Amino acid sequence: MIGFKGIWVQRVVELSNHEFISVANPQGNSKVSLIFFRLPDGNLKGEGFISTHFESLAKLEASKISVMNAIDGQSNYTLSQLSAALTSLMHLYQPAEIHTQSNFVSKTFPDHSDHMAVGRLVQQSYRQYELQQYNNEVTIPLKFYTGYPIHGFPANVSGSDLITKEAAFLAYAKFDDDVCHTAAQCIQNPTYGAYLTREYQEPY
């Protein structure tokens, strides 16, 4: 997305005891950081997968499991520890604005359980950050973006915005055999064609 074709430098950072994250930066550019907790995919409805012992963020949030383990085996988190970890990153990076996924419920096009759980978790962490960092006297914008349910909304991305969005998507698509790989293919694809031509925010 940033047009960087050089080397990405990755390092492991210890947040706390048994809590490790991977941080990657384009070499020579500290303004862009990709941070990975390496938590398992919780599956669409939050049931998890056998390969990761059926763990999911949805189950952690609902107290159906007490701890969630990273897929590399290095880290484990309770719900409060995971929230605190996100809050600590907010303190470290001092964001001017935070974007996350929404908790919008749709029966026609249900969102992924991870998307919705992450939105709620970020909101919880954000509240702690606002209190700890600003004593609730300064409001950092927090924006929630709709996931799979945008299928049911009217298309609202076109022109140069759509061209830019397609270019960013296709830069990553070359590494994923399960998605469309050209703008023409994506237009014909009922899944990714819908995602590319839509973008919506929710209040939660």
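Modeller: Let's start with charges: Lys and Arg count as positive and Asp and Glu as negative. In this predicted model, the protein has 14 positive and 19 negative charges.

Biologist: How do you know where the two kinds of charge lie on average?

Modeller: Their mean positions were computed, and they are 2 Å apart.

Biologist: What makes up the secondary structure of the protein?

Modeller: There are six helices and eight strands. Starting at the N terminus, the order is β-β-β-α-β-β-α-β-α-β-α-α-α-β.

Biologist: Why is the protein called as compact as a globular protein of its length?

Modeller: The globule rule gives 17 Å for 204 residues, and the radius of gyration is 18 Å; the two values are close, so the protein earns that description. As for its extent, the C-alpha trace spans about 50 × 45 × 40 Å along the principal axes.

Biologist: What share of the residues counts as buried?

Modeller: A residue is buried at under 20% relative accessible area, and 37% of the 204 residues count as such.

Biologist: How do you know that E6 and strand E7 pair?

Modeller: Pairing takes at least two bridges. Four bridges join E6 to E7 (residues 142–145), so by that definition they pair, and they run parallel. Within this pair, histidine 99 stands opposite lysine 143 in E7.

Biologist: Why are E6 and E8 called edge strands?

Modeller: The open sheet has three strands in the order E6-E7-E8, with mixed pairing. Strand E6 (98–101) and strand E8 (201–202) each pair on one side only, which makes them the edge strands.

Conventions. Residues numbered from 1 in each chain as written. Predicted model: local features only at pLDDT ≥ 70, side-chain atom pairs only at ≥ 80, totals over all residues. Heavy atoms only, no water. Helix = DSSP H or I, 4+ residues; strand = E, 2+ residues; numbered from the N terminus. Rg over C-alpha atoms; globule rule 2.2 N^0.38 Å. Buried < 20%, exposed > 50% of the residue type's maximum accessible area, 1.4 Å probe, protein only. Charge placed at Lys NZ, Arg CZ, Asp CG, Glu CD.
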